[in-house]
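Me: I am still learning to read structures, and I would like to have one part explained slowly and carefully. Please take a close look with me.

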Amino acid sequence: MKTYIVGGWVRDRLLEQAGRKPAHSADRDWVVVGSSPEEMLAKGFTAVGRDFPVFLHPQTGEEYALARTERKTAPGYRGFVVHADPAVSLEQDLQRRDLTINAMALDEHGQLIDPHHGQADLQQRVLRHVGPAFVEDPVRILRLARFAARLPDFSIAPQTMVLARGMVAAGEADALVPERVWQEITRGLMEDRPARMLEVLADTGLLARLAPELTVPAPLRAALDRVAQLGAPLAVRFALLASGASSAAGQRALLERWRADNDCSQLARLLFELRAELRVAPTPAELASVLERADALRRAERFAQLLTAFEALEGGSADRWRAAAVAASAVDAGAIAARVGPDPAAISQAVAAARRKAIAAATAGGGDPRA
């Protein structure tokens, strides 16, 4: 039984040695050669793998996977038969990986094992497929695009792009399931240059397959990269991406197809619905109306995210909206209710009037003479 550190951790250590600190350093993953599930369990490891033998170390909690090979049996990323056996070598295990920079290992003495020249590709800043088996798993196109966003100064080997385009043209990528698409797209959006992911997906033809109602022009890509530099959360980044939908119906179709989570879906819909109204400088009454529709007083954090996305798209300032939200939230509805009496309609009217007055005072001189 021999153990090796493999994949992303090895890649990131080599990047660090070259003076480049990875933005998202990978956890250590291990491959075990010459063992069996029975032996792993006997040594105190906990089995956690559903599709192939993966175990958690009894002390460190790190993942240890038995060396394995894969054989393609059906379309899609689940169409594989996995073979894990003590006779499977480390080299055979590395052969099934996606990119050369992810197909390296370190042995117990720290010696690099690099059968596919991943270290050279790191030095030359190239994303290259390991071998012809790349075409068997359409998720690899998504991962290629995600790593392009993580390492934006890396080029993609021409033959790798040929394979990716061929997979899309052959319909292999049509078997991608929503959960995996969502996982990879959102991980790519959280990279330093999410626009690069979209450029690669568009270049391969996969973006048009995954989101036919979506266009991502240069200004939108630039907005995505701007919010990434600000460290914006996923919901902001996804709302920007989804703003490229051709229509509200198209956006709804996209959200359903990708099974976007609630936070991302809600912010995406708000940005699409309110973008035009946020763009103008309305009267205090209109400001108050938009704040209400956005549920800005109860969902202050979400409204702040909405304004961040809006500013990235429009290139201007949303400070007037922030001032309006702060002013409206400062109105003491309880005190007004105590003064007005028990009539709900009268209370509602009085609170609304007080908020309009507060907004008018806070936004006076904000660029609209009607304010």
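Me: Which residues of α8 are buried?

Reply: The model is predicted, with local features needing pLDDT of at least 70 and side-chain atom pairs counting only at pLDDT 80 or more, while totals for chains, interfaces and linings use all residues. Residues are numbered from 1 along each chain as its sequence is written, and side-chain values use heavy atoms, leaving out hydrogens and water.

The buried residues of α8 are Pro194, Ala195, Arg196, Met197, Leu198, Val200, Leu201 and Thr204, where buried means under 20% relative accessible area, exposed over 50%, and partly exposed in between, with a 1.4 Å probe and protein chains only. Helix α8 covers residues 194-204, and because eight of its eleven residues are buried, it is largely enclosed by the rest of the structure. (Helices are DSSP runs of H or I with at least four residues, strands are runs of E with at least two, and both are numbered from the N terminus.) After α8 comes glycine 205, with a positive phi near 90°.

Positive phi values also turn up in residues that are not glycine. Histidine 117, in the loop between β9 (112-113) and α4 (118-124), has a phi of about 65°, and this residue is exposed, with a relative accessible area of 55%. Arginine 125, which lies in the loop between α4 and β10 (126-127), has a phi near 60° and is partly exposed at 43%.

Elsewhere in the interior, the largest nonpolar core (a set of buried Ala, Val, Leu, Ile, Met, Phe, Trp, Tyr and Cys residues joined through side-chain atoms within 4.5 Å) has 91 residues, and Leu127, Phe238, Leu240 and Trp258 have the most contacts inside it. Helix α5, residues 139-150, gives the largest share of this core, eight residues. Apart from that core lies another of ten residues, among them Val6, Val31, Leu90 and Ala105.

Leaving aside residues up to four places away in sequence, Phe238 touches Trp182, Leu189, Leu255, Trp258, Ala260, Cys264 and Ala268, a contact being heavy atoms within 4.5 Å. Phe238 is also one of the residues of α11 that meet α13, where the partners in α13 include Cys264, Leu267 and Phe272. The residues of this contact of α11 with α13 divide into twelve nonpolar, no polar and one charged, if Ala, Val, Leu, Ile, Met, Phe, Trp, Tyr, Cys and Pro count as nonpolar, Asp, Glu, Lys and Arg as charged, and the others, Gly among them, as polar.
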